[in-house]
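Notebook open, coffee ready. Today I'm looking up how the strands in this one sit next to each other.

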Amino acid sequence: MHVGSQRGGAVCRMLPGMMTLGRCLCGAIEFEVSGEPTRGSWCHCSQCRRAHGATPVAWVSFPRSGFRLRRGTPRWYASSESARRGFCESCGSPMLIDDAIDPDGIDIATAILDAAADLGPVRHIWVGSALPWAAPSDPAIPTFQERSTPRPDG
Ligand SMILES: [Zn+2]
Ligand SMILES: [Zn+2]
C-alpha cells in the first residue's frame, strides 16, 4: 500500500521503506529507525500532555525490529500499567513509548525525527481529553475519543 493514499485508512504520510534518524535536544541520545511506519497520530491524552508540556503530541510507530540506538541509552519510567516512556536524562527530551500492548512496535515522538516533515499524523486520538484550545478543528481528519486501535498510541 502506498502510505497516505487513502484518507482515514492511511497510517501516516511517510513513504514506506525509508530510514531516518532521531535524537534528543542535547544529542546524548541518537537512534535510527527504518521500515514502514504502522501509524501516526496526534495524541491528546493527559499523560502525553504532562510528559511533553504540550498538546497534542504527534507520534509515529515503527516495527521494533527497525529501531537501533546509535548513541546513549534512554532512561525509562512506567507511565501506565502497560507502558514505559523513554527520555534523555541529560536534557529531558521525551522521546519514546514502549507499550506491552504492542510488543512488536515502538512509538516515537515524531518531532524528534529528521524526517518529521514527511511523517505527518493522520488521526487524532484521545480527543475526549483534549484541551478546548487545542481540540481538532479540521473535520477531514478522523478523530477518536480514545485510541483508534487496541494498540497504545493509535
Ligand atoms: Zn539529551
Ligand atoms: Zn498520549
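I started with a single pair: G40 has V60 in β4 as its bridge partner. Worth noting right away that this is a predicted model.

Next I zoomed out to the strands around that pair. Strand β3 covers residues 39–43, and it runs antiparallel to β4, with five bridges between the two.

Then I checked what else β4 pairs with. β4 also pairs with strand β9 (residues 105–109), again in the antiparallel sense and over five bridges. One contact I wrote down here: W59 has A109 in β9 as its bridge partner.

Is β4 enclosed or not? I looked at burial for its residues, 57–63. Six of the seven are buried, so β4 is largely enclosed by the rest of the structure. For my own memory: buried means 20 or more other C-beta atoms within 10 Å of the residue's own.

New page: another sheet entry. Which strands form the open sheet, and in what order? There are three, running β1-β2-β5, with antiparallel pairing. β1 (18–23) and β5 (67–71) are the edge strands; each has a single partner strand, so one side of each has no neighbour in the sheet. I also looked up the twist: neighbouring strands here are turned by 25 degrees against each other on average, ignoring direction.

Last stop, the β2 and β5 pairing. β2 spans residues 30–35 and meets β5 in the antiparallel sense over four bridges. Within that pairing I found F31 standing opposite L69 of β5.

Key
Residues numbered from 1 in each chain as written. Chains lettered and ligands numbered in written order. Predicted model: local features only at pLDDT ≥ 70, side-chain atom pairs only at ≥ 80, totals over all residues. Pairing = 2+ DSSP bridges. Axes fitted to C-alpha atoms, helices over the stretch in contact; angles between N-to-C directions. Buried ≥ 20, exposed ≤ 12 C-beta atoms within 10 Å, placed from the backbone.
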